[in-house]
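Morning, everyone. I have one structure to go through today, so please look at the sequence and the coordinates on the screen.

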Amino acid sequence: MREPAQAYTIREITRRIKSKLEGDSGLQDVWLRGEISNFTLHSSGHMYFTLKDDGARLKCIMFASYNQRLPFAPKNGTKVLARGGISVYERDGQYQFYVTAMQPDGIGSLYLAFEQLKRKLEEEGLFHPEKKRPLPRYPRTVGVITSPTGAAVRDILITLERRNPGVHVLLYPVSVQGTGAAPSIVRAIQAMNELGEADLLIVGRGGGSLEELWAFNEEAVARAIRASGIPVISAVGHETDYTISDFAADVRAATPTAAAEIAVRHIGELRQELSHQERRMAGALRSRLAAARERWQHAARSPYFTQPRRSLLAQAERLDRLKEALRYRMRAVQSRAQERWTRLEGSLQAVRPRQQAVQARQRLTAASKGLELAMNAIVRDRAGRYGSALRQLDALSPLKVMVRGYSLAYDEQEKKLIRSIREVQPGDLLHLRLSDGKLDCQIWGIHGEEQTNG
């Protein structure tokens, strides 16, 4: 068999096919319509799925960096329009579609995206009634965020002018349809809040298809409305049209004209209300004046004014009775105090504190004298016993014995008393203590005395 001129490795031929596909500009930016199947959301955030129609299937991947901003959650059975390019996955040697953008295909898919976002924000509590802010009763400035050329802005301005010409209007023109509509609306709401001049915001547009109204179904617009510090009226489409913005707003108006009617009360109504309040105030003042006049007339008919002397005499009589009662009470109080004083004085006399003090002083004097006599007796006794002890000690003193001619012999250091000749030797120095002094002596000889046995 003849050897081929060139043989490719599998990797080389796969890369060549991949290069051919990626080099075809018509395959690198293409929109495909199909139904999602085998959908898998990987933990990395990448989406793996298959797009299919009646005749074919195509494996697809959408990386996390692209699918983070999807307005809906893809799932099996969803019909979509996907944008991207065709390339080859070298490891498996199969071509697949790399998706960079995706949107629901047809009204059914858009409604699915609408319901998914509505359910998500509702679960977060974004539409909770407690978060709705009350609209100002008498706004001075109304901010209008809508297209500057549509019928909606004309209807809003005409209605506001007709209902109350004194209300100021701040118009912030935005795009209400297309790719950049949602960011434009978000910037307008934020700018109105930063400016801080509007008391109320109307955000909306005229009617249209679901695709044309889709900017008001964007999550970013709903969150911007909810984050607004200024109350918001949503006025999108016709009476039957509902958007996510309607649920997020503080009040939903069926049409832009209805939003203007909700925002501003008619000046005729205000005049009527003012006139009604004036009539109520005048009636209240007349009622109060009539009541005051009746009280004055009643007071004028009172005996205090018609017969003041009689009233004064009655009060004088009452005063006399009170004085007499006061005197009686004072005498009773004084009498009880006197009785109590007498009882206390009697109790004090029974105790006789002065006599008790004299007796206590006498007892103290007697006790002091007795103590002094006892102490003197103890001192004399102790002095006699001390003298007797001194006399006994003196009688037993060695000095008394030495006065009679005796002496005491000590060794050379005067530490040891010599009691026997066996304790010394010839030549030793001795110290002799006499009754009147001390002698230093040396032994020249030792002579013992014979003891006789009895």
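I'll start with a single pair of residues: serine 87 has glutamine 96, in S5, as its bridge partner. That pair belongs to an antiparallel pairing of S4 with strand S5, residues 94-104, which runs over 10 bridges. Helix H1, residues 10-23, packs on the sheet and touches both S4 and S5. The direction of H1 makes about 135 degrees with that of S4.

Before going on, note that this is a predicted model. The protein chain has an average pLDDT of 86, and 96% of the residues score at least 70. Confidence is highest in strand S6, residues 141-146, at 95, and lowest in helix H13, residues 398-403, at a mean of 69. Where pLDDT is low, the coordinates should not be read in detail.

Back to the strands. S4, residues 79-89, also pairs with strand S1, residues 30-41; these two run antiparallel and are joined by 6 bridges. Within that pairing, glutamate 35 has lysine 79 in S4 as its bridge partner. S1 in turn pairs with strand S2, residues 47-52, again in the antiparallel sense, over 5 bridges. Here isoleucine 36 stands opposite leucine 51 in S2. S1 and S2 make a hairpin with 5 residues between them, and glycine 45 in the turn has a positive phi of about 100 degrees.

How do the strands close up? There are 5 of them in a barrel, in the order S1-S2-S3-S5-S4, and the pairing is mixed. Ignoring direction, neighbouring strands of this sheet are turned by 50 degrees against each other on average.

Is there an annotation for this part? The UniProt record, an unreviewed entry, lists residues 8-103 as "domain: OB-fold nucleic acid binding". Over residues 8-103 the chain is 47% strand and 19% helix, with 41 Å between the end C-alpha atoms.Last, the packing. The largest nonpolar core has 51 residues, and those touching the most other members are Phe49, Leu51, Phe97, Val99, Met102, Ile145 and Ile185. Helix H5, residues 181-195, gives the most to this core, with 7 residues. Apart from it lies another core, of 15 residues, including Val142, Leu160, Leu200 and Ala235.

Which residues does phenylalanine 49 contact, leaving aside its neighbours within four places in sequence? The list is Ile36, Ser37, Asn38, Phe39, Leu58, Lys59, Cys60, Met62, Val99 and Met102. Val99 and Met102 lie in the core as well.

Conventions: Residues numbered from 1 in each chain as written. Predicted model: local features only at pLDDT ≥ 70, side-chain atom pairs only at ≥ 80, totals over all residues. Heavy atoms only, no water. Pairing = 2+ DSSP bridges. Helix = DSSP H or I, 4+ residues; strand = E, 2+ residues; numbered from the N terminus. pLDDT = per-residue confidence, 0-100. Core = buried A, V, L, I, M, F, W, Y, C linked by side-chain atoms within 4.5 Å. Buried < 20%, exposed > 50% of the residue type's maximum accessible area, 1.4 Å probe, protein only. Contact = heavy atoms within 4.5 Å. UniProt positions renumbered as here; feature names shortened; annotations may be inferred. Axes fitted to C-alpha atoms, helices over the stretch in contact; angles between N-to-C directions.
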